[in-house]
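Walk through this model one contact at a time. Keep the sequence and the 3D view side by side as you read.

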Amino acid sequence: MEDHRDNLCVILAGYPQEMEELLKSNSGFESRIAFKIDFPNYTETELYKIFNNMLKQEGFKLSRNCKSIVQDYFNNEIINNKESFSNGRLVRNLTEKIKMEQANRIIKDKSNNLDLIVADDIKAVVEKIKTKPCKPTIGFTA
């Protein structure tokens with residue numbers, strides 16, 4: 001990196017704690033990094049916009065009562081999954097699972113609405129994958 005510093009751009013990206021550990025893993029590494037940029041996580045509203053755009057790009061429509069379910073899911077993940085919150089990847093993974101759920105529903109119900117995602121599609125996925133709140137325990141646990 002030092003020999004080609006005028007012709008080289010290295011971008012390191014990751015979770016803050018892991019990035020800090022990486023930089024400290026070699027005593028000369030951190031001094032060679034000119035600056036750091038900390039990007040804040042998306043809000044549930046921003047995540048919903050990404051989600052909605054992804055579906056629109058693929059030709060899907062959402063039924064009316066889907067927005068609050070999706071935003072509640074994102075809010076839950078922001079609150080309860082702080083250590084490995086994945087921002088855009090969270091949206092992509094949710095979208096893929098919802099599309100699979102929707103496809104299974106269409107096959108089962110023999111529906112002709114191939115482009116419509118309904119609240120039940122989303123609820124079924126969210127119930128399976130949402131992060132549960134961590135409850136503090138008192139005493140011994142198994």
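Asp115 is partly exposed, because its relative accessibility is 29%, between the 20% and 50% cut-offs. This is a predicted model. Asp115 pairs with Lys61: their side chains meet in a salt bridge, 3.3 Å from N to O. The pair links distant parts of the chain. Lys61 sits in strand S1, while Asp115 sits in the loop between H4 and strand S2 (116-117). In sequence they are 54 residues apart.

Side chains of opposite charge can pair when their charged atoms come close. How many salt bridges does a search of the whole structure find? The count is eight. One of these joins Glu30 and Lys36, at 3.1 Å from N to O. Glu30 has a relative accessible area of 30%, so it is partly exposed.

Now turn to Glu58 and Lys99. Their side chains meet in a salt bridge of 2.4 Å, N to O. Again the pair links distant parts of the chain, here 41 residues apart. Glu58 lies in the loop between H2 and strand S1 (61-62). Lys99 lies in helix H4, which covers residues 88-109. Are the two partners buried or exposed, or in between? Glu58 is partly exposed, at 40% relative accessibility. Lys99 is buried, because its relative accessible area of 14% falls under the 20% cut-off.

Lys99 has another charged partner. Its side chain makes a polar contact of 3.2 Å with the side chain of Glu96. Glu58, Glu96 and Lys99 are linked in a network of salt bridges. Leaving out residues up to four places away in sequence, Lys99 touches Glu58 and Phe60.

Stay on helix H4 and move to Arg105. Arg105 has a relative accessibility of 18%, so it too counts as buried. Which side chain does the Arg105 side chain meet in a polar contact? The partner is Asp121, at 2.6 Å. Neighbours within four places in sequence aside, Arg105 is in contact with Lys110, Ser111, Leu116, Ile117, Val118 and Asp121.

Next, the nonpolar interior. The largest nonpolar core holds 21 residues. Phe51, Val70, Phe74, Leu94, Ile98 and Ile122 touch the most other members. Which elements give two or more residues to this core? They are helix H2 (44-57), helix H3 (67-80), H4 and helix H5 (119-129). H2 gives the most, with five residues. H4 therefore appears in two settings: it carries the buried Lys99, and it also supplies the core.

Val70 shows some of the core's contacts residue by residue. Setting aside neighbours within four places in sequence, Val70 is in contact with Tyr48, Phe51, Leu94 and Ile122. Of these, Phe51, Leu94 and Ile122 are, like Val70, among the residues that touch the most other core members.

Finally, look at the surface. Leu8, Val10, Leu12 and Leu22 make a nonpolar patch of about 300 Å². Leu22 is placed in helix H1, residues 16-24. Is Leu22 buried, or partly exposed? Leu22 counts as partly exposed, because its relative accessibility is 34%.

To retrace the route, begin with the bridge between Lys61 and Asp115. Go on to the network of Glu58, Glu96 and Lys99. Then follow helix H4 to Arg105, and finish at the patch that includes Leu22.

Conventions:
Residues numbered from 1 in each chain as written. Predicted model: local features only at pLDDT ≥ 70, side-chain atom pairs only at ≥ 80, totals over all residues. Heavy atoms only, no water. Helix = DSSP H or I, 4+ residues; strand = E, 2+ residues; numbered from the N terminus. Buried < 20%, exposed > 50% of the residue type's maximum accessible area, 1.4 Å probe, protein only. Polar contact = N/O pair within 3.5 Å; in protein donor to acceptor, adjacent residues only side chain to side chain. Contact = heavy atoms within 4.5 Å. Patch = residues over 30% accessible without salt bridge, like charges linked within 9 Å, V, L, I, M, F, W, Y side chains within 5 Å. Areas by Shrake-Rupley, 256 points an atom, 1.4 Å probe, with all protein chains shown as cover. Salt bridge = Lys/Arg side-chain N within 4 Å of Asp/Glu carboxyl O. Core = buried A, V, L, I, M, F, W, Y, C linked by side-chain atoms within 4.5 Å.
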